[in-house]
Amino acid sequence: MGKPQPLLLAAAACCAIGGTAFVAAPSGGAGAPAASLRGAAAAAKAPAEVSGPSGTSTVLASGLLAVSAIVGRRQKHRTVRSAAEEDAKTEKVEVFNPAKEPGVTLPLMYFDPAGFAKMGDRAGFRNLRVSELKHGRIAMMAALGTVIQHNIKFPGFDEVPAGIKALITPPGTYGFIVLLAIAGGMELVVWKQDDDKEPGNFGDPLNFGMYQEEWRNRELNNGRMAMISILGIILAELVSGLDGVEQIWKPIGQLTVE
């Protein structure tokens with residue numbers, strides 16, 4: 001048998017109380033002996049216990065009120081619990097989806113053939129996006145630099161060749177070390193990534209007001225293109241010996257492999 005419910009116990013208690021209320025008080029019969037003990041007269045004068053219809057009604061009303069209170073309380077708990085269960089069922093926990101983040105544009109849309117970005121892994125995707133933006137921005141500056149250095153050189157760097165050979169030719173080597181130190185300091189101190197902001201968001205000091213999803217997509221696409229471009233420029237220079245500008249004007253058919 002299951003555990004008795006409080007409602008059934010209350011009902012049983014009320015029935016027991018009501019039953020005792022209906023028991024008639026003992027009355028003296030014809031053969032009952034006369035009261036002869038000391039104090040019998042005083043007992044006879046004491047008020048009689050309430051055992052009539054009025055007392056019975058009071059007991060039954062009290063029992064019914066107790067049962068009603070228990071039923072109402074149980075019904076209230078059941079309603080609250082049912083509402084909580086319904087809310088838990090209907091509440092949908094949104095799983096992080098990298099395909100809904102900025103950077104999903106034409107023509108490839110969401111492109112992750114190696115499966116680096118995982119469903120639900122927001123922290124992992126954030127690290128990948130920070131790295132992508134950082135590399136893209138460096139690649140854009142590097143690709144632009146390979147074009148500018150063809151005609152523009154700092155004082156004292158006149159004899160430094162253009163292209164990647166500048167990195168191994170003094171004083172170009174010293175300039176590269178200084179530039180690397182400055183960039184590292186800016187990244188670690190000035191442009192330190194804030195975990196409370198979007199990846200790559202370092203504010204808008206010039207108030208361009210272009211930090212919308214459209215411009216974020218443009219930056220990502222330009223950075224991706226720049227990474228491919230600087231890689232192509234370096235490989236072409238290693239093969240042909242031409243810097244970034246010379247590669248544009250010299251026909252491919254006239255290139256010689258060094």
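This is a short tour of two helices, the spaces beside them and a few unusual spots in the backbone of a predicted model.

**First stop: the helix pair**

Begin by selecting residues 122-148, which form helix α4, and then add residues 213-240, which form helix α6. Two packed helices are described by the angle between their axes and the distance between the axes. Here the axes of α4 and α6 come within 7 Å and cross at roughly 55°, and the two helices are therefore oblique to each other. If you turn the view until one helix lies in front of the other, you are looking at a left-handed crossing of α4 and α6.

Now show the side chains where the helices meet. On the α4 side, select R129, E132, L133, H135, G136, R137, A139, M140, A142, A143 and T146, and on the α6 side select E219, L220, N222, G223, R224, A226, M227, I230 and I233, since these are the residues that meet. Colouring this contact by class gives 10 nonpolar, 5 polar and 5 charged residues.

**Second stop: the second largest pocket**

Keep R129 and E132 of α4 and R224 of α6 on display, and move to the second largest pocket, which has a volume of about 800 Å³. It is lined by 28 residues, and those closest to its centre are F111, D112, R129, E132 and R224. Which elements give two or more residues to this lining? They are α4 and α6, the helices of the first stop, and α4 gives the most, with 6 residues. Sorted by class, the lining of this pocket has 18 nonpolar, 5 polar and 5 charged residues.

**Third stop: the cavity**

How many cavities of 30 Å³ or more does a search of the whole structure find? The search finds 1, and the largest cavity has a volume of about 80 Å³. To outline this cavity, select P102, R129, L133, R137, P199, G200, Y211, R216, E219 and L220, which line it. Once again α4 and α6 are the elements that give two or more residues to the lining, while the residues themselves divide into 5 nonpolar, 1 polar and 4 charged. As you compare the selections, notice that R129 lines the cavity and is also among the residues closest to the centre of the second largest pocket.

**Last stop: the loops**

Go next to the loop between α3, residues 53-90, and α4, where you will find P107. The peptide bond joining L106 and P107 is cis, with omega of about 5°. In the loop between α3 and α4 you can also select M109, which has a positive phi of about 55° although it is not a glycine.

Finally, follow the chain past α4 to the loop that leads to α5, residues 172-190, and select P171. Here the peptide bond from P170 to P171 is cis, with omega near 0°.

Conventions. Residues are numbered from 1 along each chain as its sequence is written. This is a predicted model: local features need pLDDT of at least 70, side-chain atom pairs count only at pLDDT 80 or more; totals for chains, interfaces and linings use all residues. Side-chain values use heavy atoms; hydrogens and water are left out. Axes are lines fitted to C-alpha atoms, for helices over the stretch in contact, and angles run from 0 to 180 degrees between N-to-C directions. Helices (H or I, at least four residues) and strands (E, at least two) are DSSP runs, numbered from the N terminus. Angles under 35 degrees count as roughly parallel, over 145 as roughly antiparallel, 65 to 115 as roughly perpendicular and the rest as oblique. A crossing is left-handed if the near helix is turned anticlockwise from the far one by less than a right angle, and right-handed if clockwise. Contact means heavy atoms within 4.5 Å. Ala, Val, Leu, Ile, Met, Phe, Trp, Tyr, Cys and Pro count as nonpolar, Asp, Glu, Lys and Arg as charged, and the others, Gly among them, as polar. On a 1 Å grid over the protein atoms alone, a cavity is a set of points where a 1.4 Å probe fits but cannot get out, and a pocket is an open set with protein on both sides within 12 Å along at least five of seven lines; lining residues have an atom within 4 Å of a point. Grid points are joined across faces, edges and corners, and a volume is the space filled by probe spheres set on the points.
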